[in-house]
Structure formats: structure tokens, C-alpha cells
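Work through the exercises below with the structure open. Try each task before you read its solution.

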Amino acid sequence: MLMKWQKPLIIIAAVVFFLTALTVYVNRVILPVQAKKFVTSQAEAFLKRKVEFEALHFNWVKGFIIEKLKIYQKGSQDQVFLQAERLSFGLIVIPGTKQYKITIPFVNLEHPFVHIIRQGPNEWNFSDLLAAPPAKAGGLPVTVTVAGININNGQVRINDISNGRNWTEILDDLNLKISLSYKGIAFDVSASLPRTQGLITAQGYYQPLNRDLHADVDLKNIRPAEYLRFLPPVE
């Protein structure tokens with residue numbers, strides 16, 4: 001006869017065994033083949049860019065993990081727009097009768113690289129993504145909420161080729177943390193500029209509702225005049 005204190009332990013052990021077996025099955029059977037093809041095709045259809053990655057697996061703590069992610073420039077098979085050693089994120093999907101709600105509690109990017117190209121006064125190599133139509137699932141609109149973004153040891157290459165220019169800047173050692181809540185958007189960012197031995201650090205928060213910005217910014221060896229070109233024209 002089981003003691004009272006033994007029953008909860010048996011239940012916990014059964015749940016742990018079930019979750020472990022489910023995780024092994026998902027990572028060895030579903031994600032490596034079926035889910036990988038589905039995610040790749042859906043990402044390429046949405047981004048209008050070639051997408052590839054080495055592996056996809058799931059962890060109950062780290063969420064979904066994508067290894068060796070590469071997203072190529074639009075219309076290119078070999079020029080990279082974004083790549084990362086590892087992308088991990090949480091995912092909560094809430095179906096509804098009028099819309100789907102997707103909550104992403106966290107997004108972590110490890111060692112990402114992004115190549116940004118300014119092609120015209122108001123044209124960038126990602127402009128089409130900003131103008132993309134809202135996502136839908138089963139004919140219903142999808143709303144996506146991201147609660148937090150973390151970027152570790154990233155690099156951004158910026159090229160300005162508009163109007164015959166050939167200007168390049170590199171942001172190295174980029175670390176970014178963004179937290180979103182009802183209070184606003186808190187951010188903490190740092191990056192170095194090898195070309196000028198510059199350094200950028202900024203901490204603060206932004207409230208979109210009243211456009212209230214509070215930030216503590218520290219700049220070292222930065223030439224602000226070089227970046228005035230990116231400001232929108234004054235009407």
C-alpha cells in the first residue's frame with residue numbers, strides 16, 4: 001500500500017518521464033525533417049528571401065532553438081542579409097474566432113550578423129519587409145507580441161550606396177537588451193566602431209503612447225555629422 005507522500009512523487013515522476021519522452025520524440029522525429037521543411041518554406045514565403053538553417057530543436061527552458069541560421073539578400077543565393085549562430089525563442093499561440101494571438105516571451109540571438117544597405121534616400125534592403133501585409137492563419141489576422149529581445153556579440157555592417165556613394169560603417173561587439181511591458185520599452189545597448197575606435201552605450205526607456213524618451217547615452221570617438229544623411233528630410 002502506498003503512503004500518502006509517495007503518490008505525489010509517482011505523479012511527478014510520471015509527468016517528468018512523459019515530458020522527457022515527448023521532447024525526445026519531437027527533437028528526433030518531428031523537428032529534424034517535417035518541421036524543418038515547413039518552417040523553411042513558410043519563412044521564405046513570408047520574407048521573400050532564401051532561408052536555411054542547420055538544425056531545429058526544442059527545449060522546455062530555452063524554447064525553440066534554430067542553429068546556424070542564414071537569411072539571404074532578396075534575389076540572392078549567396079549574399080547574406082542576416083545570420084546567427086543560434087536563435088532561440090518562446091512561443092505561445094492562442095487561437096480565436098476573429099484572430100490568432102501569438103506571444104513571443106523572449107527572442108535570443110547569439111553572434112548575429114546583419115548587412116544593411118541603403119539603396120536610396122528612403123529605400124533600404126529591408127524596406128519591403130516593413131511594407132509586408134499583415135500575417136494570416138486560416139484566413140484570420142494574426143497579432144504578434146514580443147516581450148523581450150536579447151542580442152549577444154553581434155555585428156552590423158551598414159553600406160550607403162545611394163546617389164553613387166560608397167560609405168561603410170561597422171558596429172561590432174553589439175549587445176542589446178530590450179524589454180517590453182505596459183510601462184514602455186526599456187533598452188540597454190552597447191557597440192564599438194572599429195573604424196574610429198568609437199564606443200556607444202545607451203540605457204533608458206521609451207513610452208510609445210506619449211512618445212516620452214528617457215535615455216543615458218555615452219559616445220566616444222563618434223562623428224555625428226557622418227550620420228546626418230540617415231535623418232529623414234524636413235518637410
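**Exercise 1.** Find which residues Arg-86 touches, not counting residues up to four places away in sequence.

*Solution.* Start with the rule: contact means heavy atoms within 4.5 Å. Arg-86 then touches Ile-65, Ile-66, Glu-67, Asn-108, Leu-109 and Glu-110. This is a predicted model, where local features need pLDDT of at least 70, side-chain atom pairs count only at pLDDT 80 or more, and totals for chains, interfaces and linings use all residues. Residues are numbered from 1 along each chain as its sequence is written, and side-chain values use heavy atoms, leaving out hydrogens and water.

**Exercise 2.** Place Arg-86 in its strand, then decide: is Arg-86 buried, partly exposed or exposed?

*Solution.* Arg-86 lies in strand β4, residues 80–89. Strands are DSSP runs of E, at least two residues, numbered from the N terminus. Next, take the cut-offs: buried is under 20% relative accessible area, exposed is over 50%, and partly exposed is in between (1.4 Å probe, protein chains only). Arg-86 has 29% relative accessibility, so Arg-86 counts as partly exposed.

**Exercise 3.** Find what joins the side chains of Arg-86 and Glu-110.

*Solution.* The link is a polar contact of 2.8 Å. Such a contact is a pair of N or O atoms within 3.5 Å; within protein, one must be able to donate a hydrogen and the other to accept it, and residues adjacent in sequence count only if both atoms are side-chain atoms. Now look at His-111. His-111 and Arg-86 are 25 residues apart along the chain, and their C-alpha atoms are separated by 7.4 Å.

Key. Helices (H or I, at least four residues) and strands (E, at least two) are DSSP runs, numbered from the N terminus.
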